[in-house]
Each structure stands twice: as C-alpha cells, then as structure tokens.
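Student: I'd like to go through this structure with you, one question at a time. Can we start with the words we need?

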Amino acid sequence: MLPDIELAVRLQSLDDRLAAIAKEIAELPKHVTAIEKKLDNHLKRLEADRASLVANQKERRKLEGDIQTHEQKISKLKGQMMDAKSNDIYNAFQHEIGFCQQEISRIEDRILELMGEADPLEKAVKAAEGELAVERKQVDAEKKTAQERSTIDRAEAAKLNAIRAEIVTKITPKIYAEYERIRKGRAGVAVSEAINGRCSKCHIQIRQQFLQELKQATSVMICESCKRILYYAPPESFDDLVPASVR
Ligand SMILES: [Zn+2]
C-alpha cells in the first residue's frame with residue numbers, strides 16, 4: 001500500500017473515532033437536560049398537589065368557623081325566642097333557626113366532601129415526596145457519570161488529535177489537502193476500501209481496468225462514483241500464507 005494511502009486510512013479511522021467522541025460530548029448535556037426536565041415536571045406536580053391540599057385545609061377551617069358562627073347565632077336566637085311577645089315573632093325566630101341549621105348541615109356535607117378529597121391528595125403528596133428523593137439521587141448520579149464521561153472523552157480526543165497531528169506531518173501535503181476537502185464534502189468520510197470489486201462507501205461496481213490499477217497501487221486513486229480516496233487492501237491471509245520472496 002502507498003504510504004500516503006496508509007496514512008489516509010489511519011487518518012480516517014482517527015477522524016471516525018473523533019467524530020463519535022464529539023457526538024457523545026454534544027449528546028451528554030442533552031441527556032442531563034432531559035432527565036432534569038423530567039424531575040422538574042414531577043416537582044411541579046407535587047407542588048400543585050401540595051397547593052390543592054393547602055387550599056382544601058384552608059376551606060375546611062373557614063367552614064368550621066362558619067359553623068361556629070351559625071351555632072352562636074342559633075343560641076342567641078333561642079334566647080330571643082323565649083322573650084317572643086307573639087306567635088308570629090316566635091315563628092319568625094323558629095324559621096331563622098331552621099335556616100341556620102340547614103346551613104350547618106350544608107356546610108358539614110361540604111366538609112365531608114373536602115375530607116374525601118384531601119385523603120388521596122395527602123397520599124399522593126407523601127408518595128411523590130418519597131419518589132422525588134429517589135429520583136433526585138438518580139439525576140445527581142447520572143449528572144456525575146455524564147461529567148466523568150465527558151472528561152474521559154475530552155482526554156481521549158486530545159490524545160487522538162496528537163496522533164493525528166503526527167500523521168499530518170508525514171502525509172504528502174497535497175494528499176492531505178485532498179483528504180480534508182473530500183472529508184468535509186462527504187459527511188466525514190474521505191477514504192473507502194474496495195471490497196469484492198465494489199467501493200464500500202457508494203457500492204458502485206469498479207471497472208476491471210480501474211481495479212487492476214488500484215491493486216498495483218502506484219498512485220492515489222479516487223472512486224469514479226463518490227469521489228472518495230479508494231484503496232485496495234490485499235487479503236491478510238495472502239500475506240500470511242505466501243512468503244514475500246515469491247510475491
Ligand atoms: Zn465510491
């Protein structure tokens with residue numbers, strides 16, 4: 001294999017890995033944001049349930065106060081009723097007492113209703129508090145893992161970039177410029193191996209004569225279809241089985 005081709009193949013493998021690392025580094029904050037958002041939604045639901053519970057308790061206290069007011073009014077009316085001067089006045093007091101009693105019974109119904117609503121709310125709040133504590137721990141752990149992963153990724157990228165820079169000093173500048181130009185225009189893939197008579201990236205069948213020239217490897221060749229640097233790697237078994245002297 002031509003030294004330039006060998007270097008380009010190594011560059012491609014480094015660039016593939018660097019692209020995967022860059023993608024992972026970009027994905028990590030998105031993942032953290034997603035799990036934080038989920039936690040935030042659960043928190044908001046808990047806060048809404050808590051607010052409902054507070055409103056429920058507030059209404060109950062107010063209604064209990066209202067009952068007291070009505071009871072005080074009834075006992076006052078009963079006292080006044082004793083001094084009633086006529087049947088009409090007596091009946092009017094009785095009517096008003098009846099009205100207060102009705103109100104008390106209406107309020108008591110509403111209190112029972114509120115107690116019924118408070119019960120599942122209290123249970124939901126208690127359960128959510130427990131779940132949130134667990135979830136918060138999980139989010140913190142995942143954030144830590146993401147940060148660690150990111151640190152490892154950055155260190156690996158730095159190492160790979162150093163190796164890459166070393167290769168760039170060895171490859172023919174014109175070939176490197178070509179490599180970079182193709183890589184940028186072809187979704188990060190500048191190099192393609194010819195496998196079974198086809199370009200492994202665009203899958204076009206390679207012309208016989210072109211393939212022969214490619215196997216001779218006297219110059220850097222470009223796939224006629226996808227315009228990537230094409231190379232042919234002889235099967236390893238051939239190299240292993242046939243001594244160099246007879247090749
Ligand atoms: Zn091709």
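Tutor: Sure. Two strands pair if DSSP finds at least two bridges between them. Helices (H or I, at least four residues) and strands (E, at least two) are DSSP runs, numbered from the N terminus. This is a predicted model, where local features need pLDDT of at least 70, side-chain atom pairs count only at pLDDT 80 or more, and totals for chains, interfaces and linings use all residues. Residues are numbered from 1 along each chain as its sequence is written.

Student: Which residue in strand 2 does A194 stand opposite?

Tutor: Look at strand 1 and strand 2, which pair in the antiparallel sense over 2 bridges. I195 stands opposite R198 in strand 2. A194, in turn, stands opposite C199.

Student: What is the order of the strands in the open sheet?

Tutor: Strand 1 also runs parallel to strand 4, and 3 bridges join them; there, V191 stands opposite I229. The edge strands, each pairing on one side only, are strand 2 (198-199) and strand 3 (221-222). With mixed pairing, the 4 strands have the order 2-1-4-3.

Student: Which residue takes a positive phi in the hairpin of strand 1 and strand 2?

Tutor: That hairpin has 2 residues between the strands. The residue you want is not a glycine, yet its phi is about 50 degrees. It is exposed, with 7 other C-beta atoms within 10 Å (20 or more would make a residue buried, 12 or fewer exposed, and in between partly exposed, with C-beta atoms placed from the backbone). It's N196.

Student: And where is H203 found?

Tutor: H203 is another residue other than glycine with a positive phi, near 65 degrees. It counts as exposed because it has 11 C-beta neighbours inside 10 Å. Its place is in the loop between strand 2 and helix 4.

Student: How far apart are the end C-alpha atoms of helix 1?

Tutor: Helix 1 covers residues 3-82, which is 80 residues. The expected span is 1.5 Å times one less than the number of residues, so helix 1 should span 118 Å. The model agrees with that: the ends are 119 Å apart.

Student: How many residues of helix 2 are buried?

Tutor: Helix 2 has 84 residues and reaches 120 Å from its first C-alpha to its last, close to the 124 Å expected. It lies largely in the open, because its number of buried residues is 0.

Student: At what angle do the axes of helix 1 and helix 3 cross?

Tutor: Two packed helices are described by the angle between their axes and the distance between the axes. Axes are lines fitted to C-alpha atoms, for helices over the stretch in contact, with angles from 0 to 180 degrees between N-to-C directions. Here the axes come within 11 Å, and they cross at roughly 35 degrees.

Student: Which residues in helix 3 meet helix 1?

Tutor: Residues are in contact if their C-beta atoms, placed from the backbone, lie within 7 Å. From helix 1 come D4, A8, L11 and D15. On the helix 3 side they meet I175, Y179 and R183.

Student: How far is A55 from A118?

Tutor: A55 is found in helix 1, and it is exposed, with 12 other C-beta atoms within 10 Å. A118 is 63 residues away along the chain. Their C-alpha atoms are separated by 9.9 Å.

Notes. Two residues are in contact if their C-beta atoms, placed from the backbone, lie within 7 Å.
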